[in-house]
Amino acid sequence: MAKNGYEIIIYWSKEDDAFIAEVPELPGCAVDGTTYQEALANAEVIINEWIETAKELKRPIPKPKGRLIYA
């Protein structure tokens with residue numbers, strides 16, 4: 001789970017030859033990395049950018065639910 005409370009799902013993508021980090025609670029919020037740690041660090045950055053963009057566009061920002069049932 002991210003420091004900000006959003007769950008991050010990280011998995012290896014053979015197709016992309018990279019680790020993919022997705023944040024299910026934030027639509028379209030995903031990033032990759034050459035290592036698991038890099039994908040996690042990139043996810044922290046992209047979560048903050050997603051939230052800042054949503055604020056600028058005056059879009060709703062979901063509150064983190066923590067661990068999701070399907071993950």
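**Asking the model how it knows**

Modeller: Let's start with Ile9, which is found in strand 1. Keep in mind that this is a predicted model, where local features need pLDDT of at least 70, side-chain atom pairs count only at pLDDT 80 or more, and totals for chains, interfaces and linings use all residues. Residues are numbered from 1 along each chain as its sequence is written, and side-chain values use heavy atoms, with hydrogens and water left out.

Colleague: What makes something a strand or a helix here?

Modeller: Both are DSSP runs, numbered from the N terminus: H or I over at least four residues for a helix, E over at least two for a strand. On that basis the protein chain has 1 helix and 3 strands, in the order β-β-β-α from the N terminus.

Colleague: Why is Ile9 called partly exposed?

Modeller: Buried means under 20% relative accessible area and exposed means over 50%, with partly exposed in between (1.4 Å probe, protein chains only). Ile9 has 25%, so partly exposed it is. Its C-alpha is 5.2 Å from that of Glu22, although the two are 13 residues apart in sequence.

Colleague: And why does Val23 count as buried?

Modeller: Val23 has 2% relative accessibility, so it falls under the buried cut-off. You'll find Val23 in the loop between strand 2 and strand 3 (30-33). Across the protein chain, buried residues make up 34% of the 71 residues.

Colleague: Which residues does Val23 touch, not counting those up to four places away in sequence?

Modeller: Tyr6, Glu7, Ile8, Cys29 and Ile47. A contact means heavy atoms within 4.5 Å. As for Glu44, it is 21 residues from Val23 in sequence, and their C-alpha atoms are 9.8 Å apart.

Colleague: How do you know that Lys55 and Glu52 form a salt bridge?

Modeller: The definition asks for a side-chain nitrogen of Lys or Arg within 4 Å of a carboxyl oxygen of Asp or Glu. For Lys55 and Glu52 the closest N and O atoms are 3.8 Å apart, so the pair passes. In general, side chains of opposite charge can pair when their charged atoms come close. These two sit 3 residues apart in helix 1 (residues 36-56), which means about one helical turn between them. Glu52 is partly exposed, at 42%. A search of the whole structure finds 1 salt bridge.

Colleague: What makes Glu15, Asp16, Asp17, Asp32 and Glu38 a negative surface patch?

Modeller: Asp and Glu count as negative, Lys and Arg as positive, and His and the chain ends are left out. A charged patch takes residues with over 30% relative accessible area and no salt bridge, and joins like charges within 9 Å. Each charge is placed at CG of Asp, CD of Glu, NZ of Lys or CZ of Arg. Glu15 has 77% and is exposed, and Asp17 is exposed too, with 55%. Glu15 is in the loop between strand 1 (9-13) and strand 2 (18-22), and Asp17 lies in the loop between strand 1 and strand 2 as well.

Colleague: What makes the phi of Asp17 worth flagging?

Modeller: Most residues other than glycine have a negative phi. Asp17 is not a glycine, yet its phi is positive, about 55°. Lys58 also has a positive phi of about 55° without being a glycine. Lys58 sits in the segment after helix 1 and has 76% relative accessible area, so it is exposed.
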